Every structure is written in C-alpha cells, then in structure tokens.
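Hi,

Here is the structure I said I would pass on. Have a look at it first, and my notes follow underneath.

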Amino acid sequence: MLRKLILLVLLPLGCPVLGAEQAIELNADCPPGFELSAGHCELRSLYQMYPSLQEAGVGGLKTGLPAYRDGFTPQQTDLGRYLFFDPVMSRDGSISCASCHHPDKGFSDGRGRSVGIHDAVLPRSAPTLWNVAFLNSFFWDGRASTLEEQMQGPLYDTHEMGGDPQWLLATLNGIEAYRALFAQAFPADFTNDAAQIRLDQIYTALAAFQVSLVSLNSRYDQYAHGYANALTEPEKEGLNIFRSFVARCAECHTPPLFTNQQLAVIGTPEPVGMPFDVGAEPVLKEPSQRGAFKVPSLRNIELTAPYMHSGRFATLREAAAFYTGGRGHAVPEGEELKIHWHIWEPNLSEVELDRLVDFLRTLTDESFKPETPSRLPSGMRPVHDDIALAGEIQDGATNNE
Amino acid sequence: MKNCMKTALVLAGLVTAALPGFAQEVEAGKGLFTTCVACHGENAEGNKALNAPRLNHLEPVYIAAQLDKFRGGIRGGDGASASARQMAPMAAVLADEQAVQDVAAYIASLDSEPSAATIEGDTVMGADYYNQFCGACHGAAAQGNLSLNSPRLAGGDDWYLEAQLLAFRAGQRGADPRDTTGRQMRAMAVILPDEQAVKDVVAFLHGLEQ
Amino acid sequence: MNKIAVLAGAVVLLAGGYYLGTANRPEPTVIKVPSTPKAEFVSEGSSEVAAVSSTVSVRAWETPTSGELIVVKDGESIQEAVAAAQPGAVIKVMPGTYKETVYIDKDNITLSGVIEEGRYPVLEGEGVRNDAVLYSGNGVTVENLYITRYKGNAIMGQAGNNYIIRNNIIVDTGVYGIFPQLGKNGIVAHNIISGIEDAAIYVGMSDNVDVVYNQVFDSVAGIEIENSRAALVEGNYVYDNTGGILAFITPGLPIKTCGDVIIRNNFVVNNNHENFAIPGSLVSNIPPGTGMLIMACDDVVLEQNIITGNDSVGVLFTDFSLVTNAARDPDADPYPNRPKILNNIMQDNGNNPAPMVRAFLATQLETQGPDFVDTVGMDDGCISHPERFRTLGLDKYGECEFSSTSNVLSYTLPEPVPPRKDEPNMDKGKLAYYGVCAGCHAYSSRMIGPPTQIIQALYMDNPEGIAAYAANPVKKRDDYPQMPPQAHLDEETRLAAARFMLDLKK
C-alpha cells in the first residue's frame with residue numbers, strides 16, 4: 001500500500017508518464033495570456049483597456065500596448081517550444097536557442113557576450129526574449145524588423161548555431177517525429193505523405209513560441225493597474241526617480257514596455273580590451289548613429305545581468321550609475337559621438353541609485369514562463385543547462401565582425 | 001512512506017480537532033448502528049450483494065452530511081437510484097442530529113479490509129483523469145479534503161464509486177438545488193468523457209489501497 | 001475709402017523698408033483689395049473638434065468630481081491626501097510651504113491651491129527635490145500652486161488624457177516648468193513661469209492641446225510644442241527668453257510627427273536672453289534673439305502675433321540642420337512642410353543677430369536679421385502680405401487660401417476623451433482572466449492551480465465566492481501551492497473575472 005502511495009504522489013507532479021516510444025502530441029491549448037479564438041491564440045491583457053497616443057504604445061502607467069504579434073495556433077506555439085529547446089537546430093548539436101535564451105536566466109544567458117558553437121565568443125550579449133511580441137526591430141543594432149528575419153541570424157551564423165537552410169531542412173525532415181509534429185502544426189501543408197517541412201514553417205513555429213513569452217504581471221503592473229500597495233515606499237520613490245526629469249529613465253525606457261523602441265547613442269563602455277562597437281551606424285549608413293543601440297526593455301531586467309550590449313556592467317547598480325557619470329564620460333578618445341540629449345549630469349545620489357534599483361526589481365514577472373520539454377523530438381537531451389567551457393574573450397578579435 | 005504518514009497524521013489531526021466529544025459519540029453510536037448492520041455489516045465493511053457500500057474509511061463529518069441529506073430528502077428522493085431510495089427511510093430512523101453525529105463517529109471508528117476489485121479499467125489513463133479533474137479536491141492520494149467538503153475515496157468499494165459517478169452523470173444524484181456539494185460533484189462527474197473513463201478512474205482509485 | 005487710403009500708405013511705408021532690406025527682389029509691391037471671401041480654414045484638428053461638437057464649447061470641461069473634498073493644511077502632506085483620495089476627489093491645499101514630490105497615479109483628481117490675500121500654497125524643492133507634481137492619471141487638474149526651486153520639472157505628466165494645468169506660478173524649477181507628455185486633450189492656461197533652463201511650457205508628444213494666456217519669461221525657451229498635433233498656442237505673453245515660441249520635431253522620439261499647430265495672438269517680445277541651456281540639449285542650439293522657431297513641424301499657422309524686439313530673427317523656419325548635436329532620425333521628415341503666415345505684426349527684429357545667425361546672414365549678404373527666414377526654402381508655404389516684411393528664403397511662398405483661423409476656437413475636444421472602449425474583447429473580466437488568472441489556471445488541464453472546470457463545479461453560481469477567495473486565499477490542497485492573493489485587482493475586476501471564469505466553455 002505504501003509503495004503504491006509513493007508512486008501516486010510522484011505521478012501528479014509531472015506530465016502523464018509516457019513510454020519512450022509514445023508519440024508527442026502538440027498542446028491544443030493556447031499559452032497563458034492568450035485566448036483561443038477561431039483556432040488562433042489572441043493576446044489578452046489588462047493593458048488593452050487603456051488608450052495610447054497615436055497607438056504608439058508609449059506613455060505612462062495606464063497606457064495601451066504597441067502593435068504586437070499574435071494569432072498563431074496552439075500547435076504552432078508548442079512546436080516552436082520543441083524547436084527552441086532542441087540542440088538538433090545547431091550544426092554540432094551542442095547548443096539550442098535556449099542556450100543563449102535560457103528560461104531561468106530571463107531568456108538571456110547570464111553572460112556579457114554569448115557563446116556559440118565551438119565555444120565562439122560573440123560580439124554582443126543575448127537580449128531577453130520576454131515581450132518580443134511587442135518589438136518592431138531586433139538585434140542590438142535594430143537590423144532585423146521581424147522575428148522571422150532575426151532568427152536566421154543565429155541559426156545560420158557560423159559562430160552561433162552554424163547551420164544553413166539546406167542543412168536545417170534535411171536535418172528536420174530526417175526526423176520522423178518532427179515530420180509528424182509539423183503535420184500537426186501545419187495540417188493544411190501536410191495532406192500527403194510526401195509533404196516536407198519547409199523553412200517558413202520552422203520560422204513560424206519559432207516566432208509563435210517567442211511571442212508567447214509575455215511578461216506583464218509584475219508588481220509594477222499591479223501598481224499601474226491601480227493597486228497602490230503593490231510597491232513599497234522605497235520602490236515608489238524609485239519609480240518617481242525613474243520617471244523624474246532629473247534621472248529621465250522613463251523618457252526612453254517608457255512604460256508599458258519600458259522601451260520606446262528607438263536607437264540611442266549613450267556612450268557606454270565596452271569590456272576592458274574590447275574595441276569600440278559602432279552599433280547601428282553601418283546598418284543605417286548614418287554616421288550620426290555611430291555607437292547607437294536599441295533601447296532595451298527593462299522588464300525582467302534583474303534576471304539578465306550583466307548589462308549593456310556587451311555586458312560591461314555586472315550589476316543593475318553599476319548600470320544605473322553609468323547615467324550619472326557625466327555626458328560622454330566613457331567615450332573612447334577620438335570618437336565623436338552624437339550623445340543623446342537625455343544623457344546629462346543628473347547628479348543622482350547614492351541613495352537615489354539604490355532606489356532606482358529597488359524599482360527596477362519590481363519589473364520582474366515570470367508567471368507565464370513556459371515549461372521546458374522533458375523529452376525532445378530529436379531524441380537528443382536538452383543542453384541549455386550545460387555550462388559552456390569558454391570564458392570571456394581575451395582579445396576581442398571577433399567583435400564587429 | 002513519509003508522504004503516507006504525513007497524510008495520516010494530518011487526517012487524524014483534523015478528525016480529532018473537528019470532533020471534541022469523539023469518544024462519547026462513538027459509544028452512543030454503537031447502539032444506533034445496529035439498524036445498519038444488516039446491510040453494511042458489523043464493521044461497516046459493506047455488502048455488494050445488498051448494494052451497501054463500505055463506510056468505515058470515511059470521515060465522520062462526511063458520513064453525517066450524507067445521512068442528513070438522506071433524512072432531508074436531498075438525497076435518495078424522486079429520481080434517485082433504487083438503492084439510494086432504499087437508504088432514505090433507513091436514515092430517517094435516526095431521531096435527531098445528535099444521533100446522526102453519534103452513528104457517524106461510531107462508523108468511522110470501525111475498520112475492515114477494502115473489498116476486492118470488481119471493475120476493470122486502465123489505471124494509467126485513470127491516474128491521468130484523476131490528476132486532471134479529481135485530485136484537486138479529493139487529494140493526490142484520494143485521501144479527501146475536508147476544507148473542500150471532499151470525501152476520502154481511497155478504500156471505497158470500486159463498484160460503489162462507479163455507481164455513484166454514473167448516478168451523478170445521469171442526474172440521479174446531485175440534482176437537488178439544495179444539494180450544493182452534490183451539484184459540484186455532478187458538474188465534475190460529467191467532465192469524464194465516457195463510461196470507460198469512469199471505469200478507468202475507479203480502477204485507479206481501487207489500486208491505491210488493497 | 002479713407003481706410004483703404006491709410007492702409008495703402010502704410011504698405012508703401014513698409015515697402016520702403018522692405019526694399020532696403022531685400023534689394024535683390026526687384027518686383028514692385030502689388031496693392032490688392034480682396035474681392036471674394038477666402039475659404040474657411042480647415043485642418044485635421046479643426047475637423048476632429050467640429051465632428052464631435054454641435055455647440056460652441058471652448059475649454060468648457062472640467063475634471064469630474066465626486067463631492068469628496070480633502071483639505072491639506074500647512075504642515076501636512078499633500079501626497080498623503082493623494083494617497084487617500086478616490087477618483088473624483090478635490091484636494092484643496094491651503095497656503096503654506098510643502099516640501100515634497102506629489103505623484104498622482106489615479107484618475108480624476110483635482111489638486112487645487114487655495115489662495116488667501118495673495119498667499120499661495122508653495123511647493124518648495126529647496127534645490128534638492130526632483131519634480132514637484134508628477135501625474136499619470138487621466139483627468140488630472142493642477143491649479144493655483146506656487147512652485148519653486150525643483151531640479152526637474154514643476155508639473156510633469158507622463159501620459160494621461162484630459163488634463164488641466166492652470167493658474168500656477170512657477171519660478172526656477174529646473175528643466176521644464178510645465179511638461180505634459182503623451183496625453184490627448186489638455187489645457188495649459190494662465191500660468192506664470194520664469195527661470196527655466198529648457199522650456200517654460202513644453203508640450204511633448206501630445207494631441208489636442210491648448211496653451212493659452214500664459215506669461216513666460218527668463219527661460220531658454222518660452223513655449224515649446226514638440227512632436228505634437230492639433231495644438232493651439234494663443235494669447236501668451238512670451239518675453240525675455242532665448243527663444244520665444246517653438247514648434248518642432250525632436251528626432252529619435254517614438255512619435256515622429258508634428259503638425260497642425262496654430263500660433264496666434266501672442267506677444268513675442270525681446271526674446272534675447274543668453275542661452276543657459278544644459279549642454280547637449282536641443283534648445284542649447286537656439287540662437288538668442290529668436291522670436292519663433294519652427295523646425296520640421298508641418299502646417300504651422302502664424303496669425304496675428306505681435307513679434308517685436310527679437311534681436312536675431314522674428315520667425316525661423318528650418319530643418320534638422322539647426323541641431324548638429326543629435327543623431328539623425330531616418331523616420332522623421334525634416335522639413336517644415338506647408339508653413340502658413342497670416343497678418344503678423346513685426347517690428348525691430350534682427351537688430352543684433354547672434355553670431356551663428358550673423359554668419360548665416362553673411363552668406364546671404366545681409367547683416368540685419370529678417371522678420372521671417374526659411375532656411376530650407378519651402379515651396380509649399382503661404383504668406384499674407386509678404387511685401388510688409390523683411391524675409392529670407394520665402395521666395396516660393398504663395399498666397400494663403402484662407403485669411404483667418406478664427407473658426408477654430410479651441411483644439412481641445414468639447415468633452416473629455418473617454419477611456420478606450422472601441423475595441424472588441426474589451427470585457428474587463430475576460431482580460432483579467434486571460435491576462436492574469438490564466439498564468440495558473442487552464443480550462444481543463446492542471447497547471448499551477450486547479451483547472452477552471454473544477455472551479456466552475458465548486459462555485460457554479462457563486463462568482464462572489466471566487467472573487468472573495470481570490471483576494472484572500474487560504475491553502476486548501478496539500479499538493480497544490482497556495483494561491484497568491486489577487487487583491488491587486490479591484491473588487492469589480494475580480495468579480496468580472498470570476499463571472500467570466502464561470503461562463504467559460506472551453
């Protein structure tokens with residue numbers, strides 16, 4: 001009797017126990033935060049009650065959201081989840097999307113600069129994937145305008161996942177389990193046995209999963225929706241410093257997404273020994289955008305240290321202190337940058353910096369964090385918890401490739 | 001092992017806390033129970049041939065609640081199954097609320113082995129159904145949950161559990177508007193997709209305790 | 001008959017000066033007497049206001065009140081009153097000195113000073129506090145306060161529609177005096193503001209705003225309309241600033257247009273203050289002596305302003321070439337399209353141009369700053385009576401199709417903007433269920449909490465029970481984590497979510 005009871009206690013904790021040979025069935029329910037409507041998952045959020053000037057999705061506490069991506073099917077979303085965690089997507093099977101966008105590390109990787117296959121250290125840090133549904137440009141320099149365009153960067157970069165389109169198609173089509181799952185997610189495309197997995201289906205599924213990573217239920221959000229007790233007094237002080245016109249954080253890290261989605265030249269330093277990163281200048285072919293990077297969202301920011309495009313600042317406190325260090329104080333000699341006008345000398349006190357950090361920590365919400373699949377269609381094991389061997393790069397040689 | 005012990009301790013604590021005059025009631029209930037023995041047996045172990053289920057695994061508060069429902073015509077009235085309608089006049093024999101409490105306490109003090117399995121079902125499927133739909137109220141080990149008015153199911157007769165699930169699904173039980181907890185259970189019973197699923201859940205439950 | 005003769009004489013006199021100033025324009029002045037009335041002025045803003053208004057109503061709305069009154073006396077805290085206030089409350093602040101930052105994150109709050117025999121309630125920043133009043137709620141009124149010595153702003157709005165900021169006196173409050181941002185439908189009226197190191201009144205990324213009857217002086221910029229649409233700047237007295245009235249696009253902001261701005265009946269006088277702006281700020285580029293600056297903002301109408309004694313230039317139309325210290329924004333159109341200049345009074349402008357203006361004038365073989373300059377040379381502008389003024393770069397401007405904007409009484413809407421309600425799926429219960437509850441409760445499968453189906457069975461006709469439990473959950477199940485309290489959702493929202501939850505079918 002006791003033996004049975006123990007078994008029983010263990011049972012409900014995980015998914016139903018399946019035999020290894022049992023086929024995976026894609027989830028027919030939408031992820032949390034989405035309503036199933038005519039077969040598609042549509043975003044629902046209390047922020048949809050609020051207006052937004054010019055529908056720009058920037059404003060104050062009760063401001064509506066910017067334009068966003070949704071409308072994928074539950075099955076596409078779930079298929080994307082399997083692909084996201086499956087190291088079969090990298091050339092040597094050593095990393096998955098989740099290696100650099102780890103669900104337990106704010107969908108970033110805890111590194112200043114990410115590490116690709118063969119332990120290659122990349123020029124910039126991995127941005128969080130939380131709330132990418134609301135973004136209109138991707139990469140630190142904003143060079144991609146859709147998720148589908150963005151993901152082809154890491155998938156096919158020789159230093160990142162190292163694949164190429166032909167190889168990826170051949171790989172996935174060679175896995176019976178994946179063909180079955182793609183057929184579930186794209187039934188209209190799989191009406192006969194000869195149907196093959198296509199690239200656009202891969203991109204769609206990965207995009208579907210990524211847009212499900214919605215984080216709009218932090219304590220800050222509870223405050224924004226009208227619950228004054230959601231924040232402590234020090235945190236409210238931090239909010240007021242954050243939006244004050246002395247610190248001016250909210251001018252670019254604008255609610256509700258805590259980014260205004262613009263490029264800005266702020267002149268943060270690189271890690272020691274790393275050459276200056278020119279940012280968006282080559283993308284826009286615009287010299288005045290030299291050193292410009294996208295304003296990142298600050299949601300879940302406490303989970304994604306170190307900070308800035310190449311991880312120069314180890315803590316939120318250090319990152320906040322940068323802004324009170326003086327206009328252009330960290331710009332390398334010889335660089336003439338058009339530093340953003342909001343970068344000035346606010347002379348924030350040590351206490352004010354502490355309060356800012358207190359406030360930033362109220363932006364944490366992982367309530368819709370998806371589950372990591374317990375087994376993968378490729379039969380490989382998840383690798384995102386493996387600790388990569390590479391340390392921080394010594395000479396910065398691969399920067400600004 | 002640990003989990004099981006913990007569950008038992010918690011339950012024991014709850015029972016003791018809920019019924020301070022437990023010992024006196026047990027004694028008083030002994031006499032009243034003689035009426036019940038004919039069908040439910042000397043130790044309330046049940047008798048399938050007479051459609052009388054095992055009762056001694058149940059919490060007194062749940063036994064009392066059902067006796068009250070039978071006495072009040074909330075259970076076992078028009079539209080109920082034949083066996084439930086048989087039970088209603090028997091419960092009416094109890095004179096008052098104290099008598100109900102006493103007999104319930106006595107029944108709960110009895111013990112017997114669970115009855116042998118009579119229902120075949122897929123216990124893996126049953127576990128899945130149970131975990132999804134039932135365990136949230138009846139507990140992971142089917143130990144019951146007093147704060148949710150959910151009786152212990154582990155140790156119950158499989159044939160009886162099946163009959164009750166079917167009665168709930170058919171509207172023979174849990175249809176009376178006054179029967180709040182019965183209506184709750186009815187709403188859950190109908191979620192099981194078919195009668196095979198009922199068998200699967202019951203088989204799973206019966207497998208919990210031999 | 002006499003009138004026409006006088007007018008003709010005046011034109012000839014002015015034309016004499018005109019000839020002296022612009023000797024490279026040989027055409028003689030043409031005297032015209034209009035024979036047919038011109039078209040009525042039409043703009044997006046005027047159409048929007050007209051569409052929702054059948055009666056004449058000029059800034060007639062007020063912040064809605066509930067009857068709740070909270071009085072704050074000297075020595076007490078205004079913020080404590082705000083914290084206690086419900087939407088609709090009026091907070092009256094008695095004369096006295098209040099050393100605090102007041103933040104209003106609620107709707108429909110009226111923060112109103114009580115003035116006794118000239119004594120104001122004073123918000124005193126002592127040079128150490130950041131902002132005096134911050135608001136993000138809709139329908140906020142801030143009035144009758146004396147605000148001084150803050151480091152950031154006196155009154156700052158971060159979003160929030162239907163705001164009224166009036167009758168305040170603001171002295172030396174750092175970067176901006178009054179700064180509503182990202183809101184629709186607002187009134188900034190009858191304020192007196194001085195000593196600001198950026199703009200005394202700064203309307204940023206807003207729609208439908210009236211800035212009227214204010215007195216602004218001794219600041220870097222008097223009134224600034226930035227990346228906004230449908231703004232009326234009227235009847236303001238703007239003097240002794242570096243630049244008087246500005247309408248422009250700041251590059252690099254998320255809302256990238258500026259337009260439909262009427263600037264009329266203002267006194268823009270002697271704006272010759274040295275530029276003491278913060279290095280790196282956009283207004284640090286403004287040459288002292290600039291009456292008005294229109295940068296990249298479209299459809300700006302200048303009508304019946306008195307613009308005098310501004311030493312560099314009366315009105316300057318330009319593109320982003322003025323701001324050399326900011327990164328270019330490829331998504332913002334740099335041109336001040338369709339400028340419209342009606343019947344302004346210009347005198348004594350350009351007598352002592354700032355060095356950068358002097359340098360520019362030298363390239364045009366000029367020494368005195370003109371009344372109107374268009375550094376781009378727009379070909380879609382219009383000007384009434386061009387012969388009256390000394391101009392540069394207005395050669396391609398034509399005749400305006402309208403003679404007045406007097407049909408536009410206000411660019412604010414006659415009624416407050418309602419909360420969003422035009423969208424499908426606006427049910428609060430549904431949004432709360434999917435947006436919050438669904439993190440733990442799926443319809444038919446176990447997640448962190450029990451499935452919605454089980455909750456439906458337990459609470460079938462008792463949504464109040466769910467709402468009450470959710471506010472104050474207790475642990476009921478050994479093998480489920482305890483539910484975190486959802487009291488952050490107000491009772492109405494919890495109940496709506498509970499009803500939605502019970503009605504859900506799949």
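Leaving aside its neighbours within four places in sequence, which residues is Cys39(B) in contact with? They are Gly46(B), Asn47(B), Leu50(B) and Ala52(B). Before I go on, please keep in mind that this is a predicted model, and that every value below is computed from it.

**The annotated site in chain B**

I began with Cys39(B) on account of its UniProt record. The "binding site" annotation there, from an unreviewed entry, covers Cys36(B), Cys39(B), His40(B) and Met87(B). Those residues are spread over 52 residues of sequence, yet they cluster in space, with a largest C-alpha distance of 11.1 Å.

Both cysteines belong to one helix: Cys36(B) lies in helix 3 of chain B, residues 34-40, and Cys39(B) is found in helix 3 of chain B too. Are they buried or exposed? Neither word fits. Cys36(B) has 24% relative accessibility, so it counts as partly exposed. Cys39(B) comes out at 38% and is therefore partly exposed as well. As for what Cys36(B) touches, its contacts outside the four places on either side in sequence are Gly41(B) and Val103(B).

**Elsewhere in chain B**

Gln164(B) sits in helix 8 of chain B, which runs over residues 158-170. With a relative accessibility of 12%, Gln164(B) counts as buried, because the cut-off for that is under 20%. Not counting residues up to four places away in sequence, Gln164(B) touches Arg75(B) and Arg173(B). With Arg173(B) there is also a polar contact between the side chains, at 2.9 Å.

**Where chain C meets chain A**

Now for the interfaces. How many residues does the contact take from chain C and from chain A? Chain C gives 63 residues and chain A gives 60. About 5000 Å² is buried between these two chains, and carbon and sulfur atoms give 57% of that area.

On the polar side, the rule finds two salt bridges across the interface of chain C and chain A. One that you can pick out in the viewer joins the side chains of Glu35(A) and Lys430(C), at 3.1 Å from N to O. There are also 14 residue pairs in polar contact across this interface, with both partners at pLDDT 80 or more.

Which elements of chain C give two or more residues to the side that touches chain A? They are strand 10 (153-158), strand 13 (176-181) and helix 5 (428-435). Helix 5 of chain C gives the most, with six residues. Sorted by class, the side of chain C that touches chain A has 28 nonpolar, 20 polar and 15 charged residues.

**Where chain C meets chain B**

Chain C also touches chain B: here 17 residues of chain C are in contact with 16 residues of chain B. The buried area is about 1500 Å², and 55% of it comes from carbon and sulfur atoms.

The rule finds one salt bridge across the interface of chain C and chain B. In the salt bridge between Arg183(B) and Asp461(C), the side chains meet at 3.2 Å, N to O. Seven residue pairs are in polar contact across this interface, again with both at pLDDT 80 or more. By class, the side of chain C that touches chain B has eight nonpolar, three polar and six charged residues.

**Two buried residues to look at**

Val233(C) is placed in strand 20 of chain C, residues 229-234. Its relative accessibility is 0%, so Val233(C) counts as buried. Not counting residues up to four places away in sequence, it touches Val211(C), Ile223(C), Ile225(C), Ile245(C), Ile262(C), Ile263(C), Arg264(C) and Asn266(C). Tyr213(C) is 20 residues apart from Val233(C) along the chain, and their C-alpha atoms are separated by 8.6 Å.

In chain A, take a look at Ser96(A), which lies in the loop between helix 2 (74-85) and helix 3 (97-100). Is Ser96(A) buried or exposed? It is buried, with a relative accessible area of 2%. Leaving aside neighbours within four places in sequence, Ser96(A) is in contact with Phe84(A), Phe85(A), Asp86(A), Pro87(A), Met161(A), Val383(A) and His384(A).

That is what I have for now.

Cheers

How values were computed:
Residues numbered from 1 in each chain as written. Chains lettered and ligands numbered in written order. Predicted model: local features only at pLDDT ≥ 70, side-chain atom pairs only at ≥ 80, totals over all residues. Heavy atoms only, no water. Contact = heavy atoms within 4.5 Å. Buried area = accessible area lost by both parts, 1.4 Å probe. Salt bridge = Lys/Arg side-chain N within 4 Å of Asp/Glu carboxyl O. Polar contact = N/O pair within 3.5 Å; in protein donor to acceptor, adjacent residues only side chain to side chain. Helix = DSSP H or I, 4+ residues; strand = E, 2+ residues; numbered from the N terminus. Nonpolar A, V, L, I, M, F, W, Y, C, P; charged D, E, K, R; others polar. UniProt positions renumbered as here; feature names shortened; annotations may be inferred. Buried < 20%, exposed > 50% of the residue type's maximum accessible area, 1.4 Å probe, protein only.
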